[in-house]
Amino acid sequence: MKRLWSIVILMVMSAVAIAQNDNVIDEIVWLVGDEAIFKSEVEELRIQSQMQGVRWDGDPYCLIPEELAVQKLFINQAVLDSVIVTNSEVSDQIEYTVQALANQYGSVEKVEEYYEMTINDIRLRMEDNVRNQLITKKMRSNIVGNVKVSPAEVRKYMKEIPIEEIPYVPTQVEVQIITREPVIPQEEIDAVKAELRDYTERIQEGTAQFSTLALLYSEDPASARRGGELGFVGRAEVVPEFATVAFNLTDPKKVSKIVETEYGYHIIQLIEKRGDRINVRHILRKPRVPDEAVNTALNTLDSIADEIRNEKFSFDEGARYLSYDKDTRNNNGLMTYHPEDENTSVSKFEMQQLPQEVARVVDRMHVGEISDPFTMVTRDGKVVCAIVKLKSRISGHQASVTEDFPILREIVLQRKQDETLQKWIREKQKTTYVKIFDGWNDCEFRYPGWVVQ
């Protein structure tokens, strides 16, 4: 279920790496429907996987193009089923991936140095691969959406599995968090608004095109490359503040008032309306967060941590009344996540499931300990400051139904989902045109049902 999604960073990195070499002599190695898979794609993904320590269970020159071919089956079906990925989803994932690269290489500047291009160019190179990965993920989720697991199936699984194959549960932790967002000075906000007002005046006077200014200045990289154009979206596909203004626009020659959202400040221009969907352009500008504001937030959290340690109030109370984190403050700061395709919330994290900055801090802590303040970057690219408390730590052990039912249920669910996906892929293989070129077809494939023309 998670195989393709687990290599998303490798695929977007390979797209960037391909762009570095303009002298590659390319060739088509597979055709899936009317979609081509190129030798360069396979080679760069192989190199990136090697660099990242990812091992393929077989010949990578067989398995990688097949992996890409399976992805194309999902994408083709997504088109038929009208599965939509919004530009904001793409943008959020790009920012998350950029941050992961920055953490891997040490800084954004070192990423730019390694790939010999600016971070904005890297974002642009990522977009198509990220969009395809998100579409694939949604399509796979749709296919397995009705797959369920009963308690009886979990107990049956544990009875039938050999003792030596009982899953080992890695160390898990429960973490509470209090966050503060650095306060952006009003002058920074005013400067951003002044820029947007200047853009509006230039557009209305006819001295500049909205699309040109978006390309040059918008801080939404996913839409900036298209002159700020979002493509047709429904009201639910954009944040409410943006939707309220965008869906009330009627004149394509006019520019909206300045709109504040969680992402920053926007101006919007209508392109076209079709029923309950619209296509608009926008320019996003984000106020700069000065170091002084970050230091102030860190100092505030340092004081909060000291007061909790001195028992002036509890961490639970601090999270409820002082934390800015809307996802956890109503739960006494307890961090949770939703397992894929599940409606339940889980509070026990394996270390790799935590945000990297949190995991780095928690790894050195004892149960009940409160951390020093630190900074972290959210999925939407915001810098926030935080303190955490390690609520519990459960050492690694062999799973049991009584103690680890959610984990075992997830394992059984994964098996059923994999079986469902395997069946779906086999059916699609029967009806999809496939051509595998000479030199690439002498393989033992994971999905042997390709009907090669």
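**Exercise 1. Describe the polar contact between the side chain of T179 and the backbone of D325, and place T179 in the predicted model.**

Step 1. Start with the contact. A polar atom of the T179 side chain lies 3.1 Å from the backbone nitrogen of D325. A polar contact requires N or O atoms within 3.5 Å.

Step 2. Find the element. T179 belongs to strand β4, which covers residues 172-180.

Step 3. Decide whether T179 is buried or exposed. The cut-off for buried is under 20% relative accessible area. T179 counts as buried because its relative accessibility is 6%.

Step 4. List the neighbours. Leaving aside residues up to four places away in sequence, T179 touches L322, S323, Y324, D325, C385 and A386. D325, the partner from Step 1, is thus among the residues in contact with T179.

**Exercise 2. Work out the sheet that contains β4, and say which strands lie at its edges.**

Step 1. Write down the strand order. The sheet is open, has 4 strands in the order β9-β4-β11-β10, and its pairing is antiparallel.

Step 2. Identify the edges. β9 (349-350) and β10 are the edge strands, each pairing on one side only.

Step 3. Take the pairs in turn. β4 and β11 run antiparallel and share 9 bridges. R180 stands opposite C385 of β11. C385 is also one of the residues that T179 touches.

Step 4. Move to the other side of β11. Strand β11 (residues 383-394) pairs with β10 over 4 bridges, again in the antiparallel sense. Within this pair, V377 has V383 of β11 as its bridge partner.

Step 5. Examine the side chains of β10 (residues 374-377). They alternate: F374 and M376 point to one face and are buried. T375 and V377 point to the other face and are not buried.

**Exercise 3. Give the strand order of the sheet that contains β8, and explain why one side of β5 is left without a neighbour.**

Step 1. Order the strands. This open sheet of 4 strands reads β5-β8-β7-β6, with antiparallel pairing.

Step 2. Explain the free sides. β5 (233-234) and β6 are at the edges and have a single partner strand each, so one side of each has no neighbour in the sheet.

Step 3. Check the β5 pairing. β5 and β8 are joined in the antiparallel sense by 2 bridges. G234 has R277 in β8 as its bridge partner.

Step 4. Look at the residue before β6. I258 sits in the loop between α12 (240-246) and β6 (259-261). With a relative accessible area of 25%, I258 is partly exposed.

Step 5. Add the surroundings of I258. Not counting residues up to four places away in sequence, I258 touches K193, L196, R197, Y265, H266 and I267. The C-alpha atoms of I258 and I268 are 8.0 Å apart, although 10 residues separate the two along the chain.

**Exercise 4. How many cavities of 30 Å³ or more are there, and what lines the largest cavity?**

Step 1. Count. There are 2 cavities of 30 Å³ or more. The largest cavity holds about 290 Å³ of space.

Step 2. Name the lining. The largest cavity has 21 lining residues, and S88, D220, Y263, H266 and H282 lie nearest its centre. H266 was met above as a contact of I258.

Step 3. Assign the lining to elements. At least two lining residues come from each of α5 (87-105) and β8 (277-285). α5 gives the largest share, 5 residues.

Step 4. Sort the lining by type. The lining comprises 8 nonpolar, 6 polar and 7 charged residues.

Methods. Residues numbered from 1 in each chain as written. Predicted model: local features only at pLDDT ≥ 70, side-chain atom pairs only at ≥ 80, totals over all residues. Heavy atoms only, no water. Buried < 20%, exposed > 50% of the residue type's maximum accessible area, 1.4 Å probe, protein only. Polar contact = N/O pair within 3.5 Å; in protein donor to acceptor, adjacent residues only side chain to side chain. Contact = heavy atoms within 4.5 Å. 1 Å grid on protein atoms, 1.4 Å probe; cavity = no way out; pocket = protein on both sides within 12 Å on 5 of 7 lines; lining within 4 Å. Points joined across faces, edges and corners; volume = space filled by probe spheres on them. Nonpolar A, V, L, I, M, F, W, Y, C, P; charged D, E, K, R; others polar. Pairing = 2+ DSSP bridges.
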